[in-house]
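Reader: Please show me the structure, and then let me ask about what lies inside.

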Amino acid sequence: MKLCINNISNKICKIIGIMKKLKNYFPEITLKILYNSLINSHLNYGILCWGYRCNSIVKLQKKALRTISNSKYNAHTQPIFKRLRILTVQDILTRKLYKLYFRLVHKKLPEYFQSQYFLQKQQHSHNTRYQPFITPRSRYKFSEYNVRYQLPLELNKNIECIISKVTTHSEFGYCLYIKNYLLNQYETSCGIQSCYICNNN
């Protein structure tokens with residue numbers, strides 16, 4: 001896992017170095033195309049395996065966004081993510097989990113994933129804290145960083161407006177809906193009063 005994250009980090013670092021040299025010659029839209037082609041592909045590939053502990057990649061993604069937008073090294077990134085319509089690493093992972101759930105519901109996954117042991121439903125309860133899916137018990141912290149544990153955890157957040165669309169949308173439409181939903185949660189500006197970063201930009 002650590003080796004995989006290091007490999008991705010090294011590749012992204014090299015691409016950011018190239019983008020820094022190009023940002024004075026190309027417009028933002030061209031740099032965004034480079035990002036989607038050269039960085040976003042690495043972030044999407046295999047994220048369900050490595051995406052639960054990747055602080056170094058999170059920092060590099062923010063660095064890339066600041067480079068694209070020609071912002072200062074410490075500029076708030078959430079408004080940039082929202083304006084450029086780019087998902088954070090955490091939300092790329094979230095969308096992948098919901099995409100997996102979509103394929104699970106529509107029986108588009110290998111037999112192992114379709115077994116009753118992969119995602120188990122809870123018996124209905126009148127408890128106000130009722131969660132529809134059973135989260136597997138974990139004796140060790142590292143065993144929580146896997147799809148079988150994280151998927152029910154995400155689904156139990158009860159984001160009904162996302163889960164309900166599984167049966168009404170195509171896979172492409174469902175993923176697009178999730179992306180728009182997640183982007184709408186991002187702030188357009190800093191909400192911190194007398195923010196040091198904003199006041200010095």
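Reader: Which helix gives the most residues to the largest nonpolar core?

Author: A nonpolar core is a set of buried Ala, Val, Leu, Ile, Met, Phe, Trp, Tyr and Cys residues joined through side-chain atoms within 4.5 Å. In this predicted model, local features need pLDDT of at least 70, side-chain atom pairs count only at pLDDT 80 or more, and totals for chains, interfaces and linings use all residues. The largest such core has 50 residues, and those touching the most other members are Tyr35, Ile39, Leu43, Trp50, Ile57, Tyr101 and Leu151. With 9 residues, the most is given by helix α7 (residues 89-105; helices are DSSP runs of H or I, at least four residues, numbered from the N terminus).

Reader: How are the rings of tyrosine 101 and phenylalanine 133 arranged?

Author: Residues are numbered from 1 along each chain as its sequence is written, and side-chain values use heavy atoms, without hydrogens and water. Rings of Phe, Tyr and Trp (its six-membered ring) pair if their centres lie within 6.5 Å; planes under 30 degrees apart count as stacked, over 60 as edge-to-face and the rest as tilted. Here the centres are 6.0 Å apart and the planes stand at 80°, so the pair is edge-to-face.

Reader: Is phenylalanine 133 buried or exposed?

Author: Buried means under 20% relative accessible area, exposed over 50%, and partly exposed in between (1.4 Å probe, protein chains only). The relative accessible area of phenylalanine 133 is 6%, so this residue is buried.

Conventions. Helix = DSSP H or I, 4+ residues; strand = E, 2+ residues; numbered from the N terminus.
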